[in-house]
Every structure is written in C-alpha cells, then in structure tokens.
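Visitor: Hey, can you walk me through this one? I'd like to start with a single residue and then talk about confidence.

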Amino acid sequence: MSPRTLYDKVFEDHIVHRDESGSYLLFIDRHLVHEVTSPQAFEGLKNAGRTVRRKDCTLATVDHNIPTESRANFTNLDDFITQKDSRLQVKTLEENVRDFGVTYFGMTDSRQGIVHVVGPEQGFTLPGTTVVCGDSHTSTHGAFGSLAFGIGTSEVEHVLATQTIIQTKSKNMRITIEGDLLPGITSKDLILHVIGVIGTAGGTGSVIEFAGRAIANLSMEARMSICNMAIEAGARAGMIAPDQKTFDYIAGRPLAPKGAEFAKAVAYWKTLPTDEGATFDEEVVIKSSDIIPTITWGTSPQDALPITARVPNPADVGDKIKKSGMERALHYMGLIPGTKFTDISIDKVFIGSCTNSRIEDLRAAAAVVKGKKKADTVKHALVVPGSGLIKLQAEKEGLDKIFIAAGFDWREAGCSMCLGMNPDILDPQERCASTSNRNFEGRQGANSRTHLMSPQMAAAAGIVGHFTDIRDWEYDTSDVAAIAVGGDEELERAAMEAEKVPLEGEIDINEQEGGEVAATPATADVSAPAVAGLAPFLTLTGIAAPLDKANIDTDAIIPKQFLKTIKRTGLSSGLFYEWRFTQKDGKDVATDFVLNVAPYNKAEVLLVTGDNFGCGSSREHAPWALQDFGIKSIIAPSFGDIFYNNSFKNGLLPIRIPQEVILSKLYPVAQAGKPLTIDLPNQQIRGPDGEVLVDNFDVEPFRKHCLVNGLDDISLTLQKEEHIQKYEATRREKFSFLEGGSDLIKPIRGTKRSLYGVKAQEW
Ligand SMILES: CC(C)[C@H](C(=O)O)[C@@H](O)C(=O)O
Ligand code: SF4
C-alpha cells in the first residue's frame with residue numbers, strides 16, 4: 001500500500017460505500033448536537049417517522065442561546081431565559097432529546113458547556129474517529145487526530161437518521177510550523193498568523209494537517225485552539241497526529257475506553273500518523289520565528305498582523321477588490337491607516353468561546369490580571385468558561401477570585417459574546433478585545449468591532465485599556481510559562497483528576513455502566529424508496545444581481561438574531577440584514593443595497609465577483625434565507641465548503657466560475673439588468689439572446705443527479721442499509737473501543753440536586 005496521510009487513513013477506515021460517481025458514504029462515530037442547528041433536523045425526523053439510529057454516538061448540550069448570568073437562582077427555563085425565541089430553541093432541544101432519548105447536558109448539569117469543549121472533556125472525542133456537529137467549529141476535535149467537520153441542518157438530520165454522511169474526498173494539505181515558538185507566543189498567535197499568511201480561502205477544499213515541532217510541543221488545549229480555527233482558513237477540517245500527549249489527555253475521561261479496550265484503542269491510534277513519504281496536494285511551511293503576538297484589525301480573520309504593526313493602508317494595495325474590501329473594513333472598524341495597534345483603545349473584553357475558554361486559557365489570562373485592576377475606560381470585561389466543569393476547576397484554583405478582584409465579570413458556561421445569541425453583546429461601535437475566532441461585521445452585536453487575539457493579550461488590554469504587546473507585560477511568568485506553549489502537565493493532570501471527582505449531592509456523573517453494550521438495532525426503513533424531496537432543478541432563467549465583494553460570510557448573509565427560529569422558512573427579511581437595512585426611529589429602512597433596487601429585487605441569481613462566498617458558520621439558514629428571497633443559484637469564483645454543501649441539500653445551485661470569466665462574460669449582463677439562463681442538465685450558462693457564455697461549468701455528478709431529480713439524500717442513503725449494517729458489524733469488532741459512547745452517561749433526573757443547588761431537569 002502506498003504511504004497515506006492521517007486524513008487518508010481516517011477517511012478510508014470509515015467508508016461504508018462508494019458510489020460509481022466517486023461520492024462516499026462515511027460512517028460517523030460521534031455526533032454532537034446543540035439547540036441552534038438541530039430543531040429543523042428533529043422535525044424532519046418526526047415528520048418522516050424516523051428515529052435516531054445510534055443514540056450512543058450522539059450527545060447534546062445547550063450553549064449558543066443561554067444567558068451566562070449566575071444560575072444560583074435557576075428554577076426553570078421559563079424564568080431564566082427571558083429572550084422568547086432563545087427560550088423556544090432551548091426548550092425545543094429539551095423536548096427533542098427527551099422524545100428521541102438522546103443524552104443531554106442541560107443547564108443544571110455541570111457538564112453543560114460549549115459543544116466543542118464538552119466533547120473532548122468527556123472523552124467523547126477520540127483519535128481516528130469521524131466527528132460531526134451542526135457547527136463549523138467542529139474542526140476543533142481534529143486536535144485528537146479525528147476527522148471532524150461542521151455540517152448543516154439537513155446533514156444533521158441525515159446523520160441522526162442514518163449515522164452516515166455523504167462526502168467527497170478533500171485534498172490533503174500540510175502546514176508545517178518549523179522550529180520552536182518564541183517565548184510567550186501562544187497557539188492563538190500561531191493560528192492567526194497562519195490564516196494571515198494563507199488567507200481565509202487558503203484551505204478551501206482541503207483537510208489541513210498541522211505538523212512540525214512547534215505543534216508537537218503544544219498541549220492538547222493549545223492544539224484544539226489551532227484546529228478550531230482551521231475553518232477560518234476555509235478548510236474542511238484541521239487535524240493533528242495523535243501522540244502520547246493525546247493518549248494521556250484521554251485516559252480516564254468519563255467516556256474514554258477503559259482497561260484492555262483503551263490499550264486496543266492506543267494500538268490503533270498509533271497507526272494513524274501520516275506515513276513517511278505520503279504526498280500532500282499542498283504544503284505550506286511557516287517559520288516559528290516569524291510568529292509574534294498577533295491581532296486582527298479588520299472584519300475577516302485573515303486581517304491579522306503582529307501587534308508591533310500599524311493599521312494597514314488601502315492605498316498600498318493594487319488589487320481593486322482587495323483594496324475596496326480593506327477600505328470597507330477600516331471604515332466599519334473605525335480605524336485610521338497608520339495608527340499603531342498599541343494606540344487603539346478598547347471598550348470591552350471577552351475571554352471565552354470554543355477557541356479559548358479552557359482551563360489553560362483561563363489560567364493564562366488570570367496570571368496576566370493577577371493583582372491588577374481593569375482600566376476605568378473599559379466598560380466590561382467578561383470571562384466565560386467553556387463548560388461548567390472548567391468553571392468548577394477554575395474556582396477550585398481561585399482563578400475566579402483573581403478575575404473578580406481585577407474587576408472582570410466571572411460567568412457561567414456558554415458561547416456568550418462570541419456571537420451574542422444570548423444577551424451578551426457589544427453596543428454599536430464598541431471595540432472588543434476578544435479571544436473568539438470571528439471578527440465578522442455585526443458578529444458580536446450590530447456595528448460592533450471585534451479584534452481577535454490570545455487570552456493573555458485580551459486580558460492585558462482589559463488592564464491598560466488598549467492593545468498591548470504581551471511580551472512587555474510584567475507578571476509572574478511561572479504562572480503561565482508552560483501554558484503558553486507546552487502545557488503544564490502536572491496542573492493538567494490535577495485538573496483532570498478534579499473533573500473525575502463526583503460532585504457533592506449529585507449522582508456520580510462519571511459512573512460507568514457495567515457490562516456489555518448491546519448492539520444498536522437497525523431502525524432504518526430498508527424498503528423506503530428514493531423519494532423526490534425537492535423540486536427538480538433543470539433550467540433557470542432569471543435576473544442576476546451583481547455583488548462585488550470577497551469573503552461574504554454567512555454571518556453577513558443571515559445575522560445571528562435570525563438563527564433563533566425553529567423553522568426553515570420566513571427568513572427572507574433577514575437576508576443580508578445589516579446591508580439591506582438601516583434603523584430609523586426603531587424601524588428598518590431599506591438601503592440602496594443591490595437586492596433592494598429594481599430589477600434586482602426580483603433577482604433569481606446572485607453573481608458574486610469575489611472569492612469565498614458563504615465562508616464561516618455552518619448555518620443552513622443562509623441558503624434558506626437566499627431561497628426565501630427568491631435566489632435559486634449563486635455564481636462565484638469560490639465558496640465556503642459548508643455553505644456549498646448546504647446549498648445543494650436545499651436545491652439551491654452554487655456554481656464555481658473563474659473570476660476572469662465572471663468579470664468578462666457574466667458581469668456585464670448582470671449590470672445591464674438582463675437575465676442569465678442556467679442550464680444544469682447541459683452545465684451551461686447562456687446570455688439573454690441564448691448565446692453560450694459558459695460552456696461547461698463544473699458540478700459533481702452525484703450532486704447534479706440529486707438536483708436534477710429532486711432526490712432526498714436520506715431516502716437514498718437508507719437504501720444502503722445493508723452496507724451500513726455491514727460496516728457496523730466490522731466496527732463492533734475492529735473498533736470495539738468506540739461502542740458505548742454517550743450511552744455510558746447516566747442522566748441526572750427528577751429530584752436529584754445538581755451542583756447549582758437546584759433540581760436537575762427532567763428530560
Ligand atoms: C450557530 C452555528 C451554526 C454557528 C457555526 O456554525 O459556527 C456558530 O457556532 C458560529 O460560531 O457562528
Ligand atoms: S464559535 Fe462561538 S458561537 Fe460558534 S460554537 Fe464556538 S463559541 Fe459557540
């Protein structure tokens with residue numbers, strides 16, 4: 001066998017079936033579920049009379065919508081979550097996990113937290129597994145050498161029903177970080193630097209393996225921060241080869257294999273690293289010595305520069321689209337070219353998110369603020385642990401006291417101000433030093449200004465009131481030295497031990513069910529015919545609206561406030577909301593944005609000149625909103641992977657056309673307000689007089705087949721039931737250490753008292 005990469009190996013070990021067209025059906029080992037992207041999926045299951053095929057492979061928690069205020073007085077969701085639509089989403093998840101019997105960490109459970117923190121913490125995430133979640137930052141789990149990626153809601157339903165996913169093979173890309181990180185440089189600086197170098201579309205169509213000594217030296221938590229942001233580099237997934245550090249991190253976690261099964265697992269995990277001589281489609285080499293503390297200045301994570309730099313000047317940029325993008329970003333961010341980063345003052349600090357809310361991050365930030373006080377000019381500094389268990393651990397170490405003494409606000413676990421689906425948001429024009437992963441327009445609140453950085457840098461900015469070079473910071477480095485790059489094994493272990501201790505007055509949350517785990521019976525309906533679920537897509541003739549912009553993210557396509565729905569429809573008014581509307585006297589007033597102006601207000605095609613349309617979040621609300629508006633096809637030079645996939649699942653056709661062809665052939669037609677004809681069966685785009693403008697656009701045969709015939713993926717997959725059962729039988733033998741999964745968790749029920757001194761919820 002020829003040498004293979006880590007990605008090749010994990011991919012190949014999960015193939016259930018390969019279609020003649022080259023599309024694969026992969027088995028999914030671990031499926032994490034949260035309240036935002038699951039309601040429509042469970043609804044779909046209910047409507048079709050289907051069940052969750054592998055409950056042991058499924059684990060749910062709430063994170064995005066929940067308030068982070070103290071839960072000390074929590075009695076029920078109705079009183080605690082005051083935002084009606086947020087409450088509905090959380091309650092809907094609770095109903096669904098109850099109805100379908102899915103293991104769930106609710107708000108009174110100390111194991112609740114951000115879904116990407118919870119999976120690894122519980123040992124649910126394991127090397128060599130396939131991990132999915134209706135969330136783009138599922139890439140986080142790749143730090144364990146798993147193939148982990150975000151999916152849309154249609155795929156969530158597909159996985160719930162079939163425990164498989166339809167995939168094509170991505171390209172292999174390796175990013176090697178040569179040499180050792182300089183003192184005080186964190187994994188956040190590293191990944192921001194990488195994205196600054198390769199760009200937010202740099203990893204499109206690829207799975208990135210991060211390699212090199214600097215990566216090997218990182219702790220598991222730091223590795224998670226790196227893979228977390230692989231999605232910000234446009235990649236399908238990020239992966240790091242599992243090693244002894246990985247095995248040690250997993251050992252003893254509640255859902256990790258035990259005893260002989262653990263030994264069997266480790267033996268397999270050791271076979272996973274990329275073979276000597278394996279080839280990568282793309283290789284990038286970065287020198288550690290080039291990486292210094294890094295922050296972002298614009299509205300895309302690729303707008304990253306060293307803290308020692310100044311705000312860049314659009315006048316220095318030749319490319320027209322890049323230049324106007326930069327002007328727009330600087331205007332939005334309220335920044336003047338040439339300003340020193342260290343002269344930029346901030347209004348708020350956010351320490352949290354699935355990138356940087358783990359115990360190491362909190363220790364590092366606490367060491368920076370220890371004995372100091374938040375600047376008076378900083379209105380609010382929020383510290384939000386990634387999970388209830390991390391919060392407990394931090395409190396055990398006294399970190400909460402350090403933060404509180406410094407004037408920082410110590411909160412309960414959740415996504416919080418990372419995207420502000422809960423009440424934690426920035427006011428318009430407020431500037432935030434944030435440890436999160438996205439600085440998109442409106443991300444932390446309408447017209448908010450986000451700068452991404454490490455926990456140390458955000459904490460220091462909170463103290464001095466402006467960005468600052470952490471290397472000049474005077475503090476007791478013994479508190480953080482190891483945290484910055486290597487991780488403090490002893491503290492790490494202590495933290496892990498602490499997590500294993502049952503909470504007082506609560507049932508032993510880590511107690512394992514003895515005995516064998518019964519084989520999960522096949523519940524799928526084998527006889528189901530391939531039903532046509534969508535209207536077939538054949539030929540479309542419609543007005544094309546021109547959009548001259550690169551990196552249009554899904555936060556811009558449909559902002560967070562519209563994600564709180566539990567339906568797929570009614571999203572048209574939220575489409576490009578921040579661009580289509582401005583507020584006057586509390587009312588929405590239409591701007592002159594292209595889709596508000598005739599004839600484009602009736603557009604059926606969106607013609608985008610810039611790269612990377614639909615990058616960022618996995619929200620399927622983006623294609624839903626476009627469709628609701630009347631858009632049926634989008635033409636762009638390139639797309640964000642998850643958006644591209646989500647579009648097909650909804651009968652919305654994304655077409656990749658080189659930028660020169662768009663600009664020379666299609667753009668003039670769109671600008672003239674004339675229609676384009678998209679002929680999917682012939683893969684052609686024609687002009688208003690029937691002239692062929694694009695002779696043969698690319699579309700994968702399987703996707704075309706589904707679209708042209710309006711086929712529903714789930715029914716198609718259920719026809720492969722025999723293959724799925726066969727795979728499961730092999731898996732029970734070969735990967736026996738994966739059996740059991742979330743079924744090993746005992747739910748806290750009824751009158752048991754939880755950590756917060758309140759009754760645990762029935763679910
Ligand atoms: C809500 C969810 C779909 C989204 C994602 O996919 O990333 C969110 O977590 C985000 O960070 O924007
Ligand atoms: S990126 Fe932010 S909103 Fe998305 S899962 Fe992570 S913490 Fe939650």
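Guide: Sure, one term up front: buried means under 20% relative accessible area, exposed over 50%, and partly exposed in between, using a 1.4 Å probe and protein chains only. This is a predicted model, where local features need pLDDT of at least 70, side-chain atom pairs count only at pLDDT 80 or more, and totals for chains, interfaces and linings use all residues. Residues are numbered from 1 along each chain as its sequence is written, and side-chain values use heavy atoms, with hydrogens and water left out.

Visitor: Is Asp 553 buried or exposed?

Guide: Asp 553 is buried, at a relative accessible area of 6%.

Visitor: And where does Asp 553 sit?

Guide: In the loop between strand E20 (539–547) and helix H19 (554–557). Helices (H or I, at least four residues) and strands (E, at least two) are DSSP runs, numbered from the N terminus.

Visitor: What does the side chain of Asp 553 reach?

Guide: The backbone nitrogen of Asp 555, at 3.0 Å. A polar atom of that Asp 553 side chain also lies 2.8 Å from the backbone nitrogen of Ala 556.

Visitor: Which residues does Asp 553 touch, not counting those up to four places away in sequence?

Guide: Phe 440 and Cys 615, where contact means heavy atoms within 4.5 Å. The C-alpha atoms of Asp 553 and Glu 441 are 9.1 Å apart, with their positions 112 residues apart along the chain.

Visitor: Switching topic: what's the mean pLDDT of the protein?

Guide: It's 91, and 90% of the residues reach 70 or more; pLDDT is the predictor's confidence in each residue, from 0 to 100. Over residues 480–531, though, the pLDDT is below 50.

How values were computed
Chains lettered and ligands numbered in written order. Polar contact = N/O pair within 3.5 Å; in protein donor to acceptor, adjacent residues only side chain to side chain.
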